[in-house]
Amino acid sequence: MTAAPGKTAVVLYNLGGPLKPADVRPFLFNLFNDPMIMDVPGPLRWMLAQLISRRRARIARAIYGNIGGGSPLLKNTLDQAGALDAVLNADTPGAFSCHVAMRYWHPFWHETMDAVIAERPDRIVLLPLYPQFSTTTVGSMMRVWEETAQEKGLDIPVTALCCYPTESGFVDAVAETVADGLAQVPEGAQVRVLFSAHGLPKKVVDGGDPYQWQVERTATAVMDALGRDREAVPDWLCCYQSRVGPLEWIGPSTDEEVRRAGEEGASLVVVPIAFVSEHSETLVELDIEYRHIAGTAGVPHFVRAPTVGTMPAFIEGLARLVRGQVANPCPICSGDPGMPGGRICGAQWPMCPAGRDGGDG
């Protein structure tokens, strides 16, 4: 597919993370002061964010201390942007420029928007590094981007991907990591694949957020892809990590499933299904905390599959998504080209932002 004439600025975005210990508390404040994260009136949310960030800062600094004092997410995202830039411009040099934006730490979305405006491209494509849509992630960035665009008088056409849970490149890349992980478990051992995703309060999903449904679609697609090359696929399930606070969260929880595997004598291949970059929740929570739980619970073998990072299949998949947006612009749509209007979510997921009612849900 050949890109339409003119230059396209691609904005890859993610959550962000503190770069050094001094950044931890303000990063946490930014996170908890987001109305998409904490749905309470503004003044109360500001006070609660101050309180929570103050209380959690010491714990969070200790977590980041396990990985050098700061998050590697920005470096990883810059690497992905560089890899995507190379693929997009391979046949049409100079037709694309890739930029990185973060929601809760530098480079903030408004800083990146200023850089894009100065470049004066013909169009902007917003590309989340969240394969599955949630109001708390993609929805939050879309909200602040639109607000800032209005404040700055942004007059460059913008289209946005909201999700790509079953994009073939992403799915094939994850399937490759799963296959590599299974190869590390001794032949004949009972093995289970845990697809671990960041959790959400149950009330968010009950309110129509399609995140959990999309996570489960991704996992199913990965196992289908794996089955193409294997006579039998192992036992598997989706589970959810990073539960905090008193609210009921979606489940089952990853830590509970690790303990259950120990009770049943099952080896584990743990796959971060909703993360595409290494950061504290993979490098600390999965690699250190859950590995320790596995050891004490008697899990025979614990293997953690890596995130897809800059795997060629994943980057090629992102390039297809961008080229599709250039060739057939869609204000907000999923990465499934087979869905008219760009919506994959059924009507039971009203928080989906994409362009049509219905779907295959």
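Contact here means heavy atoms within 4.5 Å. The model shown in these views is predicted.

**View 1. Helix α3 lies across three strands.**
Helix α3 spans residues 73–88 and lies across β1 (8–14), β2 and β3. Against β2, helix α3 runs at about 165 degrees. Helix α11, residues 312–327, also packs on the sheet. The strands that α11 touches are β1, β2, β3, β4 and β9. Its direction makes about 145 degrees with that of β3.

**View 2. Five strands form an open parallel sheet.**
The strand order is β2-β1-β3-β4-β9, and the pairing is parallel. β2 (96–102) and β9 (332–334) stand at the edges. Each has a single partner strand, so one side of each lacks a neighbour in the sheet. Neighbouring strands are turned by 25 degrees against each other on average, direction ignored.

**View 3. Strands β3 and β4 run parallel.**
β3 covers residues 123–128 and β4 covers residues 158–163. Three bridges join the two strands. Within this pair, Val125 of β3 stands opposite Thr159 in β4.

**View 4. The largest nonpolar core has 101 residues.**
Leu84, Leu127, Phe195 and Phe314 have the most contacts inside this core. Helix α8 (residues 211–227) gives the most to the core, with nine residues. Leu127 touches residues including Val10, Val11, Leu12 and Tyr13, not counting residues up to four places away in sequence. On the same count, Leu127 also touches Leu84, Leu161, Tyr164, Leu318, Leu321 and Val322. A second, separate core has 14 residues. Among them are Leu237, Val258, Ala266 and Tyr290.

**View 5. Cysteines stand without disulfides.**
A search of the whole structure finds zero disulfides. For Cys239, the nearest cysteine sulfur is that of Cys238, 7.4 Å away. Cys239 is buried, with a relative accessible area of 0%. The sulfur of Cys345 is 3.8 Å from the closest cysteine sulfur, in Cys352. That is too far for a bond, because a disulfide needs the sulfur atoms within 2.5 Å. Cys345 is buried as well, with a relative accessible area of 0%.

**View 6. Lys75 and Asp79 form a salt bridge in helix α3.**
The closest N and O atoms are 3.0 Å apart. The two residues lie four residues apart, about one turn of the helix. Lys75 is exposed at 54% relative accessibility. Asp79 is partly exposed at 35%.

**View 7. Helix α9 holds a salt bridge between Arg259 and Asp255.**
The N to O distance is 3.6 Å. Both residues lie in α9 (residues 254–264), four residues apart, about one turn of the helix. Arg259 is partly exposed at 39% relative accessibility. Asp255 is buried, with a relative accessible area of 17%.

**View 8. Arg260 and Glu257 belong to a salt-bridge network.**
The side chains of Arg260 and Glu257 meet at 2.8 Å, N to O. The two are three residues apart in helix α9, so about one helical turn separates them. Arg260 is partly exposed at 30% relative accessibility. Glu257 is buried at 8%. Salt bridges that share partners join Arg192, Asp235, Glu257, Arg260 and Glu264 into one network. Across the whole structure, a search finds 17 salt bridges.

How values were computed
Residues are numbered from 1 along each chain as its sequence is written. This is a predicted model: local features need pLDDT of at least 70, side-chain atom pairs count only at pLDDT 80 or more; totals for chains, interfaces and linings use all residues. Side-chain values use heavy atoms; hydrogens and water are left out. Two strands pair if DSSP finds at least two bridges between them. Axes are lines fitted to C-alpha atoms, for helices over the stretch in contact, and angles run from 0 to 180 degrees between N-to-C directions. A nonpolar core is a set of buried Ala, Val, Leu, Ile, Met, Phe, Trp, Tyr and Cys residues joined through side-chain atoms within 4.5 Å. Buried means under 20% relative accessible area, exposed over 50%, partly exposed in between (1.4 Å probe, protein chains only). A salt bridge is a side-chain nitrogen of Lys or Arg within 4 Å of a carboxyl oxygen of Asp or Glu.
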